[in-house]
Structures are given as C-alpha cells and as structure tokens.
Amino acid sequence: MLGTVFAAALGLGSVLVSSLNGDEGPGSAAPGQQATVADSFSESSLEQQVTDLLAASPSSTPHTLGMQGEPDKKTPRVFQQPTVPGCVQKGMDRKDAALAVEKGRYQGRAALLVVLPDSSESTRVTAYLMDATCVSKPSSGTAEILLKDSYTRP
C-alpha cells in the first residue's frame with residue numbers, strides 16, 4: 001500500500017512540474033500548428049557570431065605542431081582542424097582549411113557556417129553560410145551558398 005501511495009505522489013509531482021514549466025507534452029499544439037525551431041544565424045548578427053566562433057576556436061590561432069599545453073595539466077591538448085563536408089566544400093568552391101565550422105539554422109533551413117581565411121587579404125576572413133541539406137541527404141547534390149561576407153579577422 002505504501003508503494004502505491006508513493007507512485008501516485010510521484011506521478012502527481014511530475015504532472016505539477018511539467019505544468020509549471022509550461023511543458024504540455026507532445027501533441028499539445030493546436031491542430032494545424034507546427035513547432036518551429038528558431039534560427040541560430042541571421043544576417044544582422046553574423047559578424048558577431050563569426051568573431052565569437054573564432055575566439056572560441058583553437059584552430060584560429062597558431063599553435064606549435066597543433067598542440068598546446070595547459071598550465072595546470074602535464075599533457076598537451078591536440079587540436080583538430082574543423083571538418084567541412086565534401087558537398088559543402090564543392091558549393092563554396094574552396095579547398096583551403098576552415099578556421100571554424102558551426103551547425104545551425106538560417107531562414108528555417110539546416111545551415112553550416114564555415115569561416116575561411118580571406119583569399120585576398122590576410123587580415124580578413126570570409127564567412128559562408130551554407131545550406132546543409134546535402135550533409136544529411138547526399139542525393140540533394142552540392143550545397144547552396146545562403147549568405148557570404150568578409151569580416152575583419154579578430
């Protein structure tokens with residue numbers, strides 16, 4: 001009997017918590033409404049996103065032999081070059097190594113932000129916002145450039 005009371009209390013607690021959090025569970029949207037995922041990239045904030053991404057990316061600054069020791073640790077960290085899928089590279093028509101790569105959404109589409117060194121000026125980078133459909137659906141072909149811009153390198 002005590003087990004039954006405990007199970008009922010636990011069930012009631014989870015219902016209360018979900019209702020307080022506004023979580024109405026799956027299928028709770030009104031008929032005809034679909035949940036939308038917010039865009040993670042926008043044209044107006046792309047420059048700041050590129051700056052933040054490069055600041056956080058270990059490959060954006062030179063390191064000896066691709067390794068850097070941490071002051072409080074005796075083992076070095078090995079940095080890996082960001083990977084750009086082949087269909088995205090074809091869409092950009094560039095084969096140079098990416099400084100940074102980030103997945104997200106742009107105008108409701110799966111997108112990949114790829115930051116490359118600017119081919120004409122070393123103090124700048126070129127940001128490509130690419131349609132990433134080809135990554136999950138290879139039959140879709142080469143990635144399309146959704147947005148391309150050049151920014152001062154941080």
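Among the contacts in this protein between residues at least 6 apart in sequence, 46% join residues at least 24 apart. The model behind this value is predicted, and the points below set out how its 154 residues are divided between buried and other positions, how its helices and strands follow one another, and where its disulfide lies.

**Helices and strands**

- The protein contains four helices together with six strands.
- Read from the N terminus on, these elements follow the order α-α-β-β-α-β-β-β-α-β.

**Surface and interior**

- Of the 154 residues in the protein, 27% count as buried.
- The area that the protein exposes comes to about 10,600 Å², and carbon and sulfur atoms supply 55% of that area.

**The disulfide**

- Two cysteine sulfur atoms count as a disulfide when they are within 2.5 Å, and by this rule the count for the model is one disulfide.
- The disulfide joins Cys87 to Cys134, with a distance from S to S of 2.0 Å.
- Because Cys87 lies in helix H3, which covers residues 86-92, while Cys134 lies in helix H4, which covers residues 133-136, the pair ties together parts that are 47 residues apart in sequence.
- The torsion about the S-S bond of Cys87 and Cys134 is about 75°, and the disulfide is therefore right-handed.
- Are the two cysteines of this pair buried or exposed? Cys87 is buried, and Cys134 is buried as well.

Notes. Residues numbered from 1 in each chain as written. Predicted model: local features only at pLDDT ≥ 70, side-chain atom pairs only at ≥ 80, totals over all residues. Heavy atoms only, no water. Helix = DSSP H or I, 4+ residues; strand = E, 2+ residues; numbered from the N terminus. Buried < 20%, exposed > 50% of the residue type's maximum accessible area, 1.4 Å probe, protein only. Contact = heavy atoms within 4.5 Å. Areas by Shrake-Rupley, 256 points an atom, 1.4 Å probe, with all protein chains shown as cover.
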